[in-house]
Every structure is written in C-alpha cells, then in structure tokens.
Amino acid sequence: MHHHSTPSGNPALFLSAHPALDNGLDVATSAPWSMNVASGELRVSAQKVDSLAAFFSPLHRVTDLLNHFRKADRYLFLQAFNADPLDQDYDRLRSCDVRLFGISGEPLVRFVGRLRQPDSEAPDAKEQGRFFEGVIVAAQHWLAKPSDEYALQFLSSLFADSPIPSFITDKQGVIVNINESCERLFHLSHRQAEQAAGFYSILRDKQLNSDPELAAAVQAVYHQGKPQTLEMSYSLGNIHRSRFICDKQIHFRVSFVPIPDRQGKVAQVLVQLQDLSREKSARDALQESEASYKAFITNSSEAIWCYDMQPPVAIDTEYEQQVKQIAHNARLVEANKVLVNMLGVDSLDDILGTGLIDSGSTNYVFDIHFFVKNNYVMVDHDIIRQDARGKSFYFQICCTGIVERGQLKRVWGTTKDITARRRYEEKLRYQSYHDSLTALPNREKLYADMQACFEQRSAEQISALLLIDLDRFKEINDTLGHNVGDHLLQLIGPRLANEMAEIPGTVARLGGDEFAVFLPRIRSTHQAVVFGHRLLDALSQEFDLEGFTAQISASIGIAISPQQAQDQHTLMRYADIAMYYAKSQMLGLAIYSAEYDPHSTKRLSIISELGRAIRENQLCLYYQPKILLDEKRCYGFEALIRWIHPELGFVPPADFIPMAELTTLIHQLTAWVLEKAISQCRTWQDQGMSLSIAVNLSARNLMDDNIPKLVERLLIKYQLPAARLELEITESSIMTDPTRALRNLDALHALGVHLAIDDFGTGYSSLAYLKRLPVQTLKIDSSFVRSMLEDLQDELIVNSTIHLAHNLGLMVVAEGVENEALLNRLSEMGCDEAQGFFIGKPMSVINTNEWLVESGWVKQPQ
C-alpha cells in the first residue's frame, strides 16, 4: 500500500462553494459533488466526464461510494469529511486522494470540498445539518497538485523507497501508510499491510499497553508532541496466527517523530524502526560461551572492538586527569574485520596497538569526556570520522568500561556505520525545510529561524519580518505560461539575497508568488523601512526570462518584534495585514498598525472613546524644551499630546493618533491641541518669557483647506504673534498630495507662522519639492542623531543634512540629544538648535514651569 492518501486543507486554493463552481473548472476532467452527512445522501454530477459517468451515476448514498474504497481510503475520507459537530471550520479546503474500485485501471482521484455554512436566516436552518460540497478531479488535474504540497509528495516518495522500516500514523495513532521495509520486518503481505491501514491503531495495541512505561511514552508523542526513542521486543503472535510465525519475537529500536501542522499541533507521526533482533541474539549468545562470544565478534554486522588501558586508569582521580590518561593509555587490542573495513586499512595488524587519537574521530576528546561523565558507558553515541581526503563518515558507538578494584581496565564496544542513514535523514530534512522550485527556505524553516531568534534574543534586540507579494504575477503566468512564471520565481531568490550581503537574515518562499525576509537584528524600524525600499527597487529591475524581459512590482508588509508581536505566528499575521494594506492602497510598503487590522478590538474601542476623551478633557499636553546651541538658551517648546484614560491609564500617542487620522476625529484633535498650545504660549508671554510653541500636523491636516483659517482664528483669539507658533510636518505627509500641501503651507506661511520639516531623512521625499516648500527649519530624526558618535555613517548623514539645510537657507534642529557629548559634537558641526532628554524630557505644565525656573537653560525676566 504505497499510494499516499491524506486529508488536507490548502488555503492557497480558492474553491467556490456555490453552483457557479462548474464555471471555474475544466468540465472534461472534473465533476461537482455534494454530501449530506446526516442523511447520507450523495450527489455527483459526472455526466460530462465520460470515464466517470458510468461509475458515479448509480451512486446515491455515501455508503454506496465507500464500498468502492480501500479500508485506508475509507478511513481518511471520513476523517476529511467528518460528522464531528465541533468541527465548524467553514473556510478550510479539505481534500482526500482515493482509488476507485470497480472502474477500469482503478484511477486515483481527489475529492476536494468545503463544509458549507448553514443559512442562519433560512426557516429550516436547524435541519440543514452538515453539508459538504466540492469537486472530484483526476490525480493529474491542476487542482490536485497545489504547489505547497509538492514537498509532501516528494517526502512520500522518499518514505516509500527508504531502507528504514517505517510507517506513518494520524493523530489518533491509526496507520495511514507503511513502506515495504516495514512489511518485511513484520512478515506482512502487501494485502495484509493494506488491511492494517485505516484500521490498526498503535494507541490500542494490547501488547504495547501491557507495559505502562512504554504506553506512557507513546501517549506523550501523540498528546504532547514529544519525540521518543524506545527499545522493545514484540511478539509476532500479536498480528499473525500462523504457527510458523506467531512464536517469533523481534527486538527493535523505535523512533517516534511527531509531524506538526501549521498551528504546531500533532497532525501525523513518523515511526521508524531499527531491527536489533540479530544483535540481541548475538549478545545473548555471548553469555553462553566464550566460543559463541568469539563467533559473534567475527560474524557481527557491526564493528566490535576492545581497548585496554595500559596502564589501568584509577577512577578516583580528578576528572580532567582521567580524560588525559584514557586518551594516552588506551590501546586497541581486539577488533573484527568490520572495523578493519570501516577504518580503510588492509588488515587487523595495521590497527592493533593504536591509540584513540588514531581512531579517526574528529572530536575524540569530547567523546572521552562524555564517556567518563556517563559512568563509563556510551549508548548510541554519534561520532564523525574523516578519511584522508577529508570526506566525512558517520558512526554510532555503544561501549562499556570494565572497572575492577577501582580501576578502568578496558573498554568493550561496538561501532555501526550510519552514514547512509544520516545522509538520507539530511536529505529529508533539507526537503522539509526548502521550497522545491526555488530551493529557498520554506515557511517551516522561516518559522524555525524566527522561533530560535525569539528564544535567544536580548532584551533590546529588535527584529523585523518583511512579507513580499508580487503584483500581477498571474498576468505573467497567463500570458507567457507557467514555465516562464516558474523561471521568474527562481530568479526572485537571488535578487533578494543580493540585497542581504550586509544584513544577516532569512529569505524564504512561502508559496505561490509570496516571499518573506526575516531580519533577526536591526537597529530601528527605520532600518527595516529603508531595507524594504531597497527590495522594491531591486525587484523593479528587469528580469531576463530566456527570450522575454519582464518588469514586476511588489507590495511589502512589515511587522516589528517585540514592539508589535512577541511570537512568530503573530508576527506573520501582522506582516500579512500590513502587506495587504500596502497592496490595497498601492503604497508599495506599509508597517503594521492596529488601524489596518479589521479584527483589532483595541482599535474599535479607542476610536469610540477618543471623541469622548476630547469632550471630557481626558487629554493633556506635555512640553519638551528646544534650545539654541550657540547661546545655550531655551527658545521654545514642542507640544506633545498625552491621553490619560480613566480605565486604561496612559494610552501612547502611537495607539490613537494614527487611528484618529483615518477618521474626522483628527480635525477635532488638532483643533484642541492648537488651542491649548497657543493658550499656554500666551500665558508664558504674559509672564515675560519670549518662548515659542511647536505643534505637529498630520497628513490629513495638511490636506484640510480649513487649517489656515483655524490657525489664524486662534492666533487672533489669544493675541499671540504668528512668529511664536511653529507647525511641524513630515516628509510623507507632503508627498501624499504635493500640490494641495504646498497651497496650504503657502497660506500658513503668509500668516507669519514658522514651518518645519519633522523627522527629516526617514521619508522618501524629493529634494525638488523640499526646495519649493516655504519652510524655515529641518528637524533631523533622532534615529540618526542618537547613535552618530558610534556610527560613522549616521554622523555623515547628520553632517550632510546640516550643510544641505544651510545651503537651502534653513535652520537645523537635532532631535534625540541624550548626552553632553552629542550636544558638543552638534555644536562643532554647526547645528543651530537641539532637543532631547539631556536638555529636558516631555513634561506636564506644572513640571515645565518648574524646569523654566530651575534648569538654567532660560534667562529669567528682570
């Protein structure tokens, strides 16, 4: 039984659950079907499929259909299209491969379908029951070969051909696949193996359950996903009645390897067995007589050897001293021909008398450490040996030290060549972690790398996930063919990898036209954004497709850890949300934000309460000082909004300002901030302090033609000179609609208000627009300033920006000044103004007034 039949769900395929399904399929190779689980009614519309019509026409009951399946196929079909009322997953696409008996050639077909969601408004909603519907396709049909199952098919092929006795069970322990090696081990005919599939459950095996320790270990595999390696004897009488076989016992080592699904739960278990019957019999024979013992050494399929300690090593000496003495004193005194062949020498005489250093192990000192620490015993200890040409071979050692009167006299052991098995396992591992088309790491490898990073990262480490989706890739497939589309996908990986020459990380293909880049260690979110734009630029270059040239674009979603997500699954979901937002808004790139997530309860709650917060005065302003570097004097403050929620406490601005920008609340919020800031500045003027106030404007404010009128009205109301008000805008807000932005900025400039570009260097703006803007100041983003003393590139950026601004006739403010060394270096560079924690943190009005008196940065009025 070597066909692979498994229930699966593939979200990469979209299959309609309506009658319009027929229009999306090739009617010559597919047939719609439906099934009512409760009534057992079956409907198959196979009239247009000549090869299947005669077979399906008389089948009107599910039981009639199941009679034409093998037992394993019947079991898997009922697992996929089940009657479990707790399974309410209406989105998952289920599928099952079966062979049809009673039709020429016993064709392999795939049943694909979804659980239909009941119509809650229908009068008979409660009687509708569980209803599956979908399509039946031939195994060669494109629907039966989704790309993300290719690796699983390849794995099944390797499994069938493996020399290691193996079988696969589902999560209930029921066998679903068994290879020929396993059939031979248990003396099963091909027919007997087929009958066992879908019926025999390892969790219900009487002999295994008779041993509580063994049973508990197996239960841990299925219930906890814990891999296990056990050694046991098994009576063939448990599965055979023939008197020639039933008395036979086989002794084997069995390894249980859980195979998780995408949610990390056990989906299947790979069980591999190693027949130890011959070795066990040989070991038993050793105890009978010396003659049998010698015969075993000579005839064993494993290398058997003995090292004498010359002289013996006292086991009560210091640990490191024992290791050195064993390495120096051990001499090979006995071995069989298998060891001679393993070491590649001509005769036993060539190796007798040699020490451990001549054993060929690349790490023999570590092996001795392990031997001594493990009480002079090694069981299944793996070693690597290199031959004269540097080629590696893999061996497994079992050995026992003979201790007499407190001294280690000799060590007996066996060595088994596991090179073929290790290389086979490495091949399996590579296939399970890599995409078959592009050879890039796949989703599982990406998740493993992210999990390993998160488990080991430091407290201040920042990571980023960039999810990349190619735009209009389907057009290339449809126009030039799938072979050209596949070739393009193969060129994407090297193009992305070239951009990562200086940044460590993982480039992976997730399936279809979707790729991902994981950056385990970045300095800031800004670095991830810049890198994302580099990837977009790289992908926009032409691709040579063997006679065709093609240009593509892409959409990238970015999620940051740990600020936004703590684990790999949440990080992937957030990056996916950001990517779809970037695609829908044609932005090219977007960073995840809760307002993009329609399922964010926090977003809905904050939006509904923000209006009340404005009305009920839950908001307040904090003020951060700004100084003139040449005079070492404070000349003004930047007003920063804060929200103290009565139940949630402090709500960070990043949690509500972006959401407010998506609604009309941003206008109320901006009006509130402007009035409070202008009023406070007027108060300072009345106290004799010539201070200015800076307020941030969002992109939506800049697009509002009423903003100049609002500013003018408030300046008149509080009799504040326009020059005392500074409005800060970002590069990205200008680029949203440069024409409208320039019109409103000109109007504000005409009032006499000062204008500043905030966070300069973090956007993707054009210097041509910068030259035309009526601004007086550039503010260099803190991400460049904060680390410029340690990072030569950041210092170069800061210095260049200062010179650029001065050449354009602009003043320069450096943000993020956190120590005196930065302040002095900025002064040397010719920077005009600065703000940061070294000068003063954002403070409430009360604390700001105290700071004005006590800080020394302010000249007091006389």
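**Sheets, helix packing and local geometry**

Isoleucine 168 has asparagine 177, in strand 8, as its bridge partner. The structure is a predicted model, in which local features need pLDDT of at least 70 and side-chain atom pairs count only at pLDDT 80 or more, while totals for chains, interfaces and linings use all residues. Residues are numbered from 1 along each chain as its sequence is written, and side-chain values use heavy atoms, with hydrogens and water left out.

The bridge just named belongs to the pairing of strand 7 (residues 166-170) with strand 8, which run antiparallel and are joined by 3 bridges. Helices (H or I, at least four residues) and strands (E, at least two) are DSSP runs, numbered from the N terminus, and two strands pair if DSSP finds at least two bridges between them. Strands 7 and 8 are part of an open sheet of 5 strands in the order 8-7-11-10-9, with antiparallel pairing. Strand 8 (175-178) and strand 9 (228-235) each have a single partner strand and stand at the edges, so one side of each is left without a neighbour in the sheet. From one strand to the next, the twist averages 25 degrees. Helix 8 (residues 212-224) lies across strand 7, strand 9, strand 10 (249-260) and strand 11 (266-275), and runs at about 130 degrees to strand 9. Such angles run from 0 to 180 degrees between N-to-C directions, and axes are lines fitted to C-alpha atoms, for helices over the stretch in contact.

Another open sheet of 5 strands has the order 13-12-16-15-14, again with antiparallel pairing. Its edge strands, strand 13 (330-335) and strand 14 (377-386), each pair on one side only. The average twist from one strand to the next is 30 degrees. Within this sheet, 8 bridges pair strand 12 (residues 303-314) with strand 16 (residues 407-417) in the antiparallel sense, and alanine 303 stands opposite threonine 415 in strand 16. Helix 11 (residues 319-329) packs on the sheet and touches strand 12, strand 13 and strand 16, its direction making about 120 degrees with that of strand 12; contact here means heavy atoms within 4.5 Å. Helix 14 (residues 419-433) also packs on the sheet, where it touches strand 14, strand 15 (392-404) and strand 16, and its direction makes about 130 degrees with that of strand 15.

Local backbone geometry comes next. Most residues other than glycine have a negative phi, and most peptide bonds are trans. Glutamine 310 and proline 311, however, are joined by a cis peptide bond with omega about 0 degrees, and proline 311 is found in strand 12. The peptide bond from serine 561 to proline 562 is also cis, with omega near 10 degrees; proline 562 is found in the loop between strand 22 (553-561) and helix 19 (568-584). Asparagine 375, although not a glycine, has a positive phi of about 60 degrees, and is found in the loop between helix 13 (364-373) and strand 14.

Two packed helices are described by the angle between their axes and the distance between the axes. Helix 16 (residues 473-480) and helix 17 pack at about 140 degrees, with their axes 6 Å apart, and are therefore oblique to each other. Angles under 35 degrees count as roughly parallel, over 145 as roughly antiparallel, 65 to 115 as roughly perpendicular and the rest as oblique. Helix 17 (residues 482-498) in turn packs with helix 18 (residues 525-540) at an angle of about 135 degrees, with their axes 10 Å apart. Ile492, Arg495 and Leu496 of helix 17 and Leu535, Ala538 and Leu539 of helix 18 make the contact.

Helix 22 and helix 24 (residues 707-718) pack at about 30 degrees, their axes 10 Å apart, and are therefore roughly parallel to each other. Residues in this contact include Leu674 and Ile678 of helix 22 and Leu710 and Leu714 of helix 24.

Helix 22 also takes part in an aromatic pair. Tyrosine 623 and tryptophan 684 are edge-to-face, with 5.5 Å centre to centre and 75 degrees between the planes. Tyrosine 623 lies in strand 24 (residues 619-628) and tryptophan 684 in helix 22 (residues 665-686), so the pair ties together parts that are 61 residues apart in sequence. Rings of Phe, Tyr and Trp (its six-membered ring) pair if their centres lie within 6.5 Å, and planes under 30 degrees apart count as stacked, over 60 as edge-to-face and the rest as tilted.
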